[in-house]
Amino acid sequence: MRQNRNGSWPKPLLSMIETSHSSEAMKQVRDYAPDKTAFGILEEMGKGMLAMVPPEGSSCVPMSALLAISLEEPLGTVIPVVAGALKLDGDYMYGSNRAVDGQHLFSTDENDWDGHCWLLFGDYIVDISLGRTARHSHCRTALAHRVMSAFGEHVGMIAVTEAGARNVGLHYLPRYVLTPDQVLANAGGALQKFDL
């Protein structure tokens, strides 16, 4: 996933957003440039969620959905939840090169998915779960070491540009953007799962 020089996301990802949401939502995401206040809201929401949600593996989808829902109203913009793969130095850590049948996968309780999930926030990838997953040994050792060496031993939520992620060997590969209904359902599932 390479951003264009002007910072907007590449056409295939924008097309996924348009398919899952709408043309208007895609344009909002493409043009959104968060200001200092928006980053403050993101930081506050992220810290609050990490304080309330107990650490456990396989939480990237519900946590991402819950964070997206929490951010959209105060920010007044669409915050896409992206599902896909994550590579470290060219090796798959989560997911694979296979396509993701997100329409089915994120609309049922069956979850045999082995991928990863994150948000788009302006030009930033926001990963609410990876930092804590790395600190609690819920991921491969090489990935845990890289995340903590790049972002600190106490890393929580990670907000990084695509270029910044690549600079530390992380490559986020989008395969599907969840629909608003899927985001809402997974956020509701997060409230139940984490007893919030």
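Here a trainee and a mentor talk through helix packing and nonpolar cores in a predicted model.

Trainee: Why is α1 called oblique to α2?

Mentor: Start with the angle: α1 (residues 11–20) and α2 (residues 23–31) pack at about 140 degrees, with their axes 7 Å apart. Roughly antiparallel needs an angle over 145, and roughly perpendicular covers 65 to 115. An angle of about 140 degrees fits neither, so α1 is oblique to α2. The crossing itself is right-handed.

Trainee: Which residues make the contact between these two helices?

Mentor: From α1 come Leu14, Ile17 and Glu18, while α2 brings Ser23, Ala25, Met26, Val29 and Arg30.

Trainee: How do these contact residues divide into nonpolar, polar and charged?

Mentor: There are 5 nonpolar, 1 polar and 2 charged residues. Glu and Arg count as charged, and the contact includes Glu18 and Arg30.

Trainee: Now the largest nonpolar core: what makes Phe106 and Trp113 stand out there?

Mentor: Among the 34 residues of that core, Phe106 and Trp113 touch the most other members. Leaving aside neighbours within four places in sequence, Trp113 is in contact with Cys60, Val61, Ala83, Gly84, Val100, Leu105 and Phe106. Contact here means heavy atoms within 4.5 Å.

Trainee: Which elements give two or more residues to the largest core?

Mentor: They are α3 (36–52), α4 (60–75), β1 (81–88), β3 (116–121) and α9 (180–193). The most come from α4, with 9 residues.

Trainee: And what lies apart from this core?

Mentor: Another core, of 29 residues, with Leu14, Leu88, Leu120 and Ala144 among them. You have met Leu14 already, in the contact of α1 with α2.

Definitions and conventions: Residues are numbered from 1 along each chain as its sequence is written. This is a predicted model: local features need pLDDT of at least 70, side-chain atom pairs count only at pLDDT 80 or more; totals for chains, interfaces and linings use all residues. Side-chain values use heavy atoms; hydrogens and water are left out. Axes are lines fitted to C-alpha atoms, for helices over the stretch in contact, and angles run from 0 to 180 degrees between N-to-C directions. Helices (H or I, at least four residues) and strands (E, at least two) are DSSP runs, numbered from the N terminus. Angles under 35 degrees count as roughly parallel, over 145 as roughly antiparallel, 65 to 115 as roughly perpendicular and the rest as oblique. A crossing is left-handed if the near helix is turned anticlockwise from the far one by less than a right angle, and right-handed if clockwise. A nonpolar core is a set of buried Ala, Val, Leu, Ile, Met, Phe, Trp, Tyr and Cys residues joined through side-chain atoms within 4.5 Å. Buried means under 20% relative accessible area, exposed over 50%, partly exposed in between (1.4 Å probe, protein chains only).
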